[in-house]
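Here is a quick walk through the fold, sheet by sheet, with a few stops at single residues. Keep the viewer open as you read.

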Amino acid sequence: MTSVDPVAGAPARRGPRMRDVAALAGVGIKTVSRVVNNEPGVSPDLAARVRRAVEQLGYRPNLGASSLRRADGKTAAIALVLENIANPFSAAVHRAVEDVARERGVLVFAGSLDEDPRRERDLVQAFTMRRADGLIIAPASDDQGYLYDDVVRTQTPVVFVDRPPHGLRADAVLATNAEGAAAAVHHLADAGHERIAYLGDYVRIPTAADRFRGYREAMVDRGLRVRAEHVAHDLHSAEAAERAVRAMLALDDPPTALFSSQNLVTIAAVRALRALGRQHAVALVGFDDFPVADLLDPGVTVVAQDPAAIGRTAAELLFRRLDGERWEPRQHRVETRLIARGSGELRPAVAS
């Protein structure tokens, strides 16, 4: 049938179809389908004939239709739902997942949920409707039980990253958040700081809650007081983080050191310190590394996660599930490490 060009309104020439490839190669349509979908059961000679016909005709398979015809029901695509794929951490997770998937000839579809529980559900629904073979999710909502009907019951594997699921038993790949935050506080205390402030993301986010817990426990371990005026939560924008730093440093008894629990908050803290000319006077340790952190003056000391290892581990777990392996779901921990670059080694200007 001749189609119609939706722009010009004139008949549009259709591209070559699978039956055209089959006719040119002298094989059946099922053989062409197996070859273009990389399925077994086709001899090398026949596969070569089909590929030559595909190249000669310029055939491009209809992935939406062909996926429904695959014998194993797989679409050769997985879905990745992250907080914000523009964030350096999320971008590194995305790339690591993509690298593992590419080795298997699998595509990765990704979306940002922007800490919006409703968008989390919408993205998951959109990807499952498109028959994604598996899901990797950094959840924003506080209950993933909604996944049971559309994902678990259809035996679609799901792995969580960065944050554990609630209301659903599934594998989760997590950093050592509390331990990393505690290491930051101990590092600052070792440099002589007693008034150590905390700058955090939304307190409802599990990772933020874990990092604050690590901060608080380390302060208690060192015999240091957690001062309410030196704690700021819910800093989810650069402007909010900068305001919090300026307000703390304007206090009569300001902190001599800052621990920022997320990379974008750290960047905002650096801006505030530089604007005030205090970057060499107030110590700073940030959770999460970020580009050019080592090129600033002073270099920014960070507790670095390994987002590449997190993404790679999550993808490998997902593909093992897709390959039919079974085990009891559990949490898989990826260690953090403190990287000293200068800002976290500044000593208090005066005795605390």
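## Before we start

A word on angles: axes are lines fitted to C-alpha atoms, for helices over the stretch in contact, and the angles run from 0 to 180 degrees between N-to-C directions. Also keep in mind that this is a predicted model.

With that in hand, take helix H10 (residues 238–249): H10 lies across E8, E9 and E10, and runs at about 160° to E8.

## The mixed sheet

The strands that H10 covers belong to an open sheet of 6 strands, in the order E9-E8-E10-E11-E12-E14, with mixed pairing. Strand E9 (231–232) and strand E14 (337–339) are the edges; each has a single partner strand, so one side of each has no neighbour in the sheet. Helix H8 (residues 177–190) packs on this sheet too, touching strand E8 (196–199), E10, E11, strand E12 (301–304) and E14. The direction of H8 makes about 170° with that of E11.

Inside the sheet, strand E10 (residues 257–260) pairs with strand E11 (residues 283–287) in the parallel sense, over 4 bridges. To find the register in your viewer, look for Leu-258, which sits opposite Leu-284 in E11.

## A buried arginine

Is Arg-195, in the loop between H8 and E8, buried or exposed? Its relative accessible area is 11%, and with the cut-off for buried at under 20%, Arg-195 counts as buried.

What does the side chain of Arg-195 make polar contact with? One partner is the side chain of Asp-253, at 3.3 Å. The Arg-195 side chain also reaches the backbone oxygen of Pro-254, at 2.6 Å.

## The parallel sheet

There is another open sheet of 6 strands, this one in the order E4-E3-E5-E6-E7-E13, and here the pairing is parallel. Strand E4 (107–112) and E13 take the edge positions, each with a single partner strand, so one side of each is left without a neighbour in the sheet. From one strand to the next, the twist averages 20°. Strand E3 joins strand E5 (residues 135–137) through 3 bridges, and Val-81 stands opposite Ile-137 in E5. Helix H5 packs on this sheet, touching E3, E4 and E5, with a direction at about 170° to that of E3.

Strand E7 (residues 171–175) is worth a closer look: 5 of its 5 residues are buried. Asp-171, Val-173 and Ala-175 are on one side, Ala-172 and Leu-174 on the other, and both faces are covered. E7 runs parallel to strand E6 (residues 158–161), joined by 3 bridges, and Val-159 has Asp-171 as its bridge partner in E7. E7 is also joined to strand E13 (residues 331–334) by 4 bridges, again parallel, with Ala-175 partnered by Val-334 in E13.

## Two nonpolar cores

The largest nonpolar core has 26 residues, and those with the most contacts inside it include Ile-78, Val-97, Val-173 and Phe-319. Strand E3 (77–82), helix H5 (88–103), E6, E7 and helix H12 (307–322) each supply at least two residues. H12 gives the most, with 8 residues. Val-161 is another of the residues with the most contacts in this core; among the residues that Val-161 touches are Leu-82, Ile-136, Val-173 and Ile-310.

A second, separate core has 25 residues, including Ala-268, Ala-272, Phe-290 and Val-300.

## A one-sided helix

In helix H1 (residues 18–25), the buried residues are Met-18, Val-21, Ala-22 and Ala-25. Viewed down the axis of H1, they fall within an arc of 100°, so they line one face of the helix. An α-helix has 3.6 residues a turn, so residues three or four places apart point the same way. Just after H1 comes Gly-26, with a positive phi of about 70°.

## Backbone details in the loops

The loop between E11 and E12 holds Pro-298, and the peptide bond from Asp-297 to Pro-298 is cis, with omega near 0°. Val-292 lies in the loop between E11 and E12 as well. Val-292 is not a glycine, yet has a positive phi, near 65°; at 46% relative accessibility, Val-292 counts as partly exposed.

Arg-131 also has a positive phi, near 60°. You will find Arg-131 in the loop between helix H6 (117–129) and E5, partly exposed at 36% relative accessibility.

Terms used. Residues numbered from 1 in each chain as written. Predicted model: local features only at pLDDT ≥ 70, side-chain atom pairs only at ≥ 80, totals over all residues. Heavy atoms only, no water. Pairing = 2+ DSSP bridges. Contact = heavy atoms within 4.5 Å. Buried < 20%, exposed > 50% of the residue type's maximum accessible area, 1.4 Å probe, protein only. Polar contact = N/O pair within 3.5 Å; in protein donor to acceptor, adjacent residues only side chain to side chain. Arc of directions from axis to C-beta. Core = buried A, V, L, I, M, F, W, Y, C linked by side-chain atoms within 4.5 Å.
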